[in-house]
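Here is a note on how the chains of this structure meet one another. Please read it with the structure open.

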Number of protein chains: 4
Amino acid sequence: MLDETAQGVFTIAVTPFLSDGALDWDSIDRMVDFYIEKGATGLTILGMMGEAGKLMAQESIAVVKRVTARSTVPIVVGVSAPGFAAMKTLSDAAMELGAAGLMVAPPGSLKTDDQIVAYYHNTAEVLGDAPFVLQDFPLVTNVVIPTKVILQVVEDCPTCVMLKHEDWPGLEKISALRAASDAGARRISILCGNGGLYLLEEMLRGADGAMTGFAYPEMMAQVVAALRGGDLDRARDIFDAYMPMVRYEAQPGLGLAIRKYTLAQRGVIAHDTVRKPGTVLSAASKAEVNALAARQSVKLKSLGL
Amino acid sequence: MLDETAQGVFTIAVTPFLSDGALDWDSIDRMVDFYIEKGATGLTILGMMGEAGKLMAQESIAVVKRVTARSTVPIVVGVSAPGFAAMKTLSDAAMELGAAGLMVAPPGSLKTDDQIVAYYHNTAEVLGDAPFVLQDFPLVTNVVIPTKVILQVVEDCPTCVMLKHEDWPGLEKISALRAASDAGARRISILCGNGGLYLLEEMLRGADGAMTGFAYPEMMAQVVAALRGGDLDRARDIFDAYMPMVRYEAQPGLGLAIRKYTLAQRGVIAHDTVRKPGTVLSAASKAEVNALAARQSVKLKSLGL
Amino acid sequence: MLDETAQGVFTIAVTPFLSDGALDWDSIDRMVDFYIEKGATGLTILGMMGEAGKLMAQESIAVVKRVTARSTVPIVVGVSAPGFAAMKTLSDAAMELGAAGLMVAPPGSLKTDDQIVAYYHNTAEVLGDAPFVLQDFPLVTNVVIPTKVILQVVEDCPTCVMLKHEDWPGLEKISALRAASDAGARRISILCGNGGLYLLEEMLRGADGAMTGFAYPEMMAQVVAALRGGDLDRARDIFDAYMPMVRYEAQPGLGLAIRKYTLAQRGVIAHDTVRKPGTVLSAASKAEVNALAARQSVKLKSLGL
Amino acid sequence: MLDETAQGVFTIAVTPFLSDGALDWDSIDRMVDFYIEKGATGLTILGMMGEAGKLMAQESIAVVKRVTARSTVPIVVGVSAPGFAAMKTLSDAAMELGAAGLMVAPPGSLKTDDQIVAYYHNTAEVLGDAPFVLQDFPLVTNVVIPTKVILQVVEDCPTCVMLKHEDWPGLEKISALRAASDAGARRISILCGNGGLYLLEEMLRGADGAMTGFAYPEMMAQVVAALRGGDLDRARDIFDAYMPMVRYEAQPGLGLAIRKYTLAQRGVIAHDTVRKPGTVLSAASKAEVNALAARQSVKLKSLGL
């Protein structure tokens, strides 16, 4: 079961499809193996990047079943939904199938501090004993969650064990949360998103690792390891070597297509299919990714990686 | 099957729940009978007011089954979904179960004219032969659909047979659409929403009727009938008698709770339960509804209704 | 000077222009006289409806000068601005010229409770001794202000003496604020907006009057007077007689054009010019206004008005 | 006068303030000299980064006067305003004082293609003969401008000579605009924003340079020069050396504070004061900037810069 001590890299997994849009089970297995081999300490499935909203209810459950059966690391399942009935159905099924925890982003209708707190009270009640991750991603959800609201949820809901941090800018929020736990608040795990674009600074501010879908997940594992080993220069060298690609992936709406293209190029998934509505990568974009990958590869060799 | 000649009143149905939140099948039956008795020429289920987003996938299908089995008028089923896979699952099931047509609102991610057109191209392809209603409700969807985009969809997608009109302000849009069909564009049915707040002017601008959930659906039927009978003064008298209540229901986020309360008061549904997350009506609000209903009743009597 | 005891009707004034868009000084004078004659206990100028954003800085000051010189009732001046420098320039000038108070709406960039409180702390500091009105209008500002945030501002800023209430729905907020002042919070004046669409219920919940721009301001004065006189039925009769027009004016973006058209029809202002960017009323809309006005006039006669 | 052949680097200038918030004229002069010395081929003042909304009307004109008097390169003045009266006042004054052109971002109220086109028709009329830059920055303005709308404005408004490109993602838009001009549309200048985060790819797609406020403007000049000289590898080396800092500056809302801090550290401006409402940089953030600057300096030395 997921708890407040979780750390390292929880890779946000894509959902691989065949070229006709059907689920690609073989690629799912290969992807799970790949992420773990590249250093994942956990996996997160059915998040925004997992195209959760485009799956049918029974497909979502089938994906959870396949991944939990294959994985040797804990699985977090995204269960955000417009209503609590659908959230409960999926979350009960996921925990039954062996998920370690659940992740919930706030719906865009929440406008005030108290509304957000109340929403997570309801969420915690619906999820029962299952530990959950609060996803804080205002750029996409349009819900700005102040630090004090997160602390209120942490205080009120013992099953909230982790923050998926991707507020932007968000560095001060990490510092504030850590100051609060130093002062006595329950300390939860903070894993950071945003494709890893601020991972180095986030770790130095007190994050426990990354939860994001950068298509070279080894970067996150290596940066986290170097920092834990106390080698800040090494961490910066690795981080900077990948940064042009991290930045390229950060283009909103394009990121998923870029990641699927890269994973297909790396032989992890068989097709880079994105379900409609979704973005198709242009030839020019693919050439840009290729140019960045080639250059990245040279830099990594010079670092002995 | 729904087509461009549809007119009159398609009542937007609530989804009745027991006090524990489970579906209330007896109330569903009573509600279907009630709407038809009060003059509905069609029913629309699983719309926003039907709390569609709060139902589990299998619940949605069960509701369609129950309503289509009971109803003697055509049923339109709301199938808006974040992805086309879920939309297809529900729409195929609904048509199989005897629905007359489907309704689709645009997702909030659409920002430009071409994106909206492309979305409805995809929608039409996914829905196949089934006729569909384009729902134009910017206050809730945040998607503004210009008249020319609607006309493009009408031109490109022969299965688009109706506009659920609830742009606000929206009177000029009706005039522009009718001018376009007078000039040769395919003429589709226009049924108006917004709780009926502008029904009289909408009809005079060329709408074919109402598709909305005002808890006194007889008002819509009576106004439409009076106008069709050429008695504008009578139409205005009836319209004005109900207006304080229409206006009270128009409060965003509160409307559904008010309607369920009124339907329960009228003996149509057994409980006014709204699933979470949702609004609970205060005692003060209930008293306001009661005061308006009492006064409305007096005015209607003076009109011989 | 404006204070917490303000009540009655503060009419939101339009800014009259000549047909070429220049300020129309004669119409301004006539308008001030008209509003007062129709029962205004105060006037609010340079609000959103006053096209404040479309005036040059020196024009704004000239309007304040003209209106304060003419008026025999207190003048509130809207001073909302993207920055505090411009706010200070206008507010200092307005108070110097004899304004009774200032009104400030929050900028759309505010997302959390604390950001809103901080913004009004800054505002109060910038405005110095001048009393101010907090404008709460989420439909336009996109800033939702919870009751507890208003109470915090009231507690922290002694110069906040009035709420311009136009949250929608907003009735519970009035009840909550009055419960808070009954329990010891400082009681400020609450004047309500939204074109008067909920004025009757708002007064019964504890509001002190209206601050809105309905083109028949006598309605607000009469309803408030009837309620203060304890004659609820009379208040409802008057309110209902005007409601079709109030509702018609409530169309967002169109309201201002409708009001200027009506004021021109009533002989108050010489032209119904709206500065660009703005809406031009169609012939069909003008005909609808005329039809509503004619019917309203008949109803008022039957009420002896 | 600005025209379609503009290229290179138009630095977006900050507006320097003394520690009490007053305009800092000496720093303005130093800043103009610094930007030009670092390779600016033009300057853009009173943009969003220039805190334009926080200046009083007369301050804006005084800044234009000071900068145009000092500069040896063309000056573009941001004149975005809620209304055309204020836009005209400032733009007439700016052109009179020797500005080379004006820049206009769309107001957030524009929702459809035709509304955007109409707004720029009005803008062009208001600006008269003065050449103008269309600012395309959806992340801040919330207005998504499709390529075909830009092309329509270019066709209809001969005084539109430049696009400030900062749609995100925006690379395909550059390709599409260049394909259109290759096919016969008028070719306008495209200068790119977003702090330079995609400058390399943007240039390769057909942009003419940068218009952004990165605090090391020499980066932009050097990258553009290397690309014009045909040395792609050199361009990438320089670009990558600055990328950790570009990325750090890209934090929304924080970017301006970081840039002012850096410019103060570099001795260009005397104070890093940001007018309220604005962000104050924490000690931790300053330390992060310092660490990035130190590392950047080492990398640049290894490149002989």
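**Notes on the chain contacts**

1. Chain A and chain D each put 30 residues into their contact, where contact means heavy atoms within 4.5 Å. About 2,700 Å² is buried between these two chains, and carbon and sulfur atoms give 56% of this area. Buried area is the accessible area (1.4 Å probe) that two parts lose on being put together, summed over both. Trp168(A), Arg247(A) and Arg295(A) supply 24% of what chain A buries against chain D, more than any other three residues.

2. The model is predicted: local features need pLDDT of at least 70, side-chain atom pairs count only at pLDDT 80 or more, and totals for chains, interfaces and linings use all residues. Residues are numbered from 1 along each chain as its sequence is written, chains are lettered from A in the order in which they are written, and side-chain values use heavy atoms, with hydrogens and water left out.

3. Ten salt bridges are found across the interface of chain A and chain D; a salt bridge is a side-chain nitrogen of Lys or Arg within 4 Å of a carboxyl oxygen of Asp or Glu. Arg295(A) forms a salt bridge with Asp240(D), at 2.9 Å from N to O. There are also 22 residue pairs in polar contact between the two chains (both at pLDDT 80 or more). A polar contact is a pair of N or O atoms within 3.5 Å; within protein, one must be able to donate a hydrogen and the other to accept it, and residues adjacent in sequence count only if both atoms are side-chain atoms.

4. Which helix of chain A gives the most to the side that touches chain D? H10(A) does, with nine residues. By class, this side of chain A has 16 nonpolar, three polar and eleven charged residues. Ala, Val, Leu, Ile, Met, Phe, Trp, Tyr, Cys and Pro count as nonpolar, Asp, Glu, Lys and Arg as charged, and the others, Gly among them, as polar.

5. Between chain A and chain C, the contact takes seven residues from each chain. The area buried there is about 640 Å², with 58% from carbon and sulfur atoms. Two salt bridges link chain A and chain C. Lys148(A) pairs with Asp114(C) in a salt bridge whose closest N and O atoms are 2.8 Å apart. The side of chain A that touches chain C divides into two nonpolar, one polar and four charged residues.

Key: Helices (H or I, at least four residues) and strands (E, at least two) are DSSP runs, numbered from the N terminus.
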